[in-house]
Amino acid sequence: MSEMLEKILSDENIKTAYKRVYANKGAGGIDSITINELEEYMKENWSSIKEQIRERKYKPQPVLRVEIPK
């Protein structure tokens with residue numbers, strides 16, 4: 001596994017990312033998980049997601065598209 005991928009998947013990096021999303025009052029995405037539900041979701045699912053990423057089997061959900069009128 002690449003050194004870069006291991007840095008990305010490190011617990012320290014994920015905690016930092018969570019703190020930034022929380023501080024920015026991140027909006028729910030297509031999965032409808034709110035910022036208040038994110039911590040519990042990550043506790044329950046992060047190890048599984050991390051392994052799927054390492055095995056190149058993880059398929060993220062599509063990005064929620066929002067049209068901005070011009």
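Here, a residue is called buried when its relative accessible area is under 20%, exposed when that area is over 50%, and partly exposed in between. Keep that in mind for the exercises below, and remember that you're looking at a predicted model.

**Exercise 1. Work out how the chain is built and how much of it is buried.**

Step 1: Start with the elements. The protein chain has three helices and zero strands, and from the N terminus on they run α-α-α.

Step 2: Now check the spread. The radius of gyration is 14 Å, well over the 11 Å that the globule rule gives for 70 residues, so the protein chain is more spread out than a compact globule.

Step 3: Look at the box. Along the principal axes, the C-alpha atoms fill roughly 45 × 25 × 20 Å.

Step 4: Bring in the cut-off from the top. Of the 70 residues, 10% are buried. The accessible surface comes to about 6400 Å², and carbon and sulfur atoms account for 53% of that.

**Exercise 2. Find the salt bridge inside helix α1 and say whether its partners are buried or exposed.**

Step 1: Recall the basic idea. Side chains of opposite charge can pair when their charged atoms come close.

Step 2: Apply the cut-off, which asks for a side-chain nitrogen of Lys or Arg within 4 Å of a carboxyl oxygen of Asp or Glu. K7 and E3 fit, with 3.8 Å from N to O.

Step 3: Place the pair. Both K7 and E3 sit in helix α1 (residues 3-8), four residues apart, which is about one turn of the helix.

Step 4: Compare with the exposure cut-off. K7 has a relative accessible area of 52%, so it is exposed. E3 is exposed too, at 61%.

**Exercise 3. Trace the salt bridges that reach from helix α3 to other helices.**

Step 1: Take R54 and E6, whose side chains meet at 2.9 Å, N to O. This pair links distant parts of the chain, since R54 is in helix α3 and E6 is in helix α1, 48 residues apart.

Step 2: Check the exposure of these two. R54 is partly exposed at 25%, and E6 is partly exposed at 28%.

Step 3: Go on to K50 and D11, which form a salt bridge at 3.3 Å, N to O. K50 belongs to helix α3 and D11 to helix α2 (residues 11-23), so this pair ties together parts that are 39 residues apart in sequence.

Step 4: Sort this pair as well. K50 has 14% relative accessibility, so it counts as buried, while D11, at 43%, counts as partly exposed.

Step 5: Put the bridges into a wider picture. E6, E51 and R54 are linked in a network of salt bridges, and the count for the model comes to five salt bridges.

**Exercise 4. How many positive and negative side chains are there, and how far apart are the centres of the two sets?**

Step 1: Count the charges. You get 13 positive and 12 negative side chains.

Step 2: Locate the centres. They lie 6 Å apart.

**Exercise 5. Which residues make the nonpolar surface patch, and where does V66 lie?**

Step 1: List the members. I30, L64, V66 and I68 make a patch of about 420 Å².

Step 2: Zoom in on V66. It lies in the segment after α3 (35-54).

Step 3: Use the cut-off once more. V66 has a relative accessible area of 60%, so it is exposed.

Technical notes. Residues numbered from 1 in each chain as written. Predicted model: local features only at pLDDT ≥ 70, side-chain atom pairs only at ≥ 80, totals over all residues. Heavy atoms only, no water. Patch = residues over 30% accessible without salt bridge, like charges linked within 9 Å, V, L, I, M, F, W, Y side chains within 5 Å. Areas by Shrake-Rupley, 256 points an atom, 1.4 Å probe, with all protein chains shown as cover. Helix = DSSP H or I, 4+ residues; strand = E, 2+ residues; numbered from the N terminus. Buried < 20%, exposed > 50% of the residue type's maximum accessible area, 1.4 Å probe, protein only. Rg over C-alpha atoms; globule rule 2.2 N^0.38 Å. Lys, Arg positive; Asp, Glu negative; His and termini not counted. Charge placed at Lys NZ, Arg CZ, Asp CG, Glu CD.
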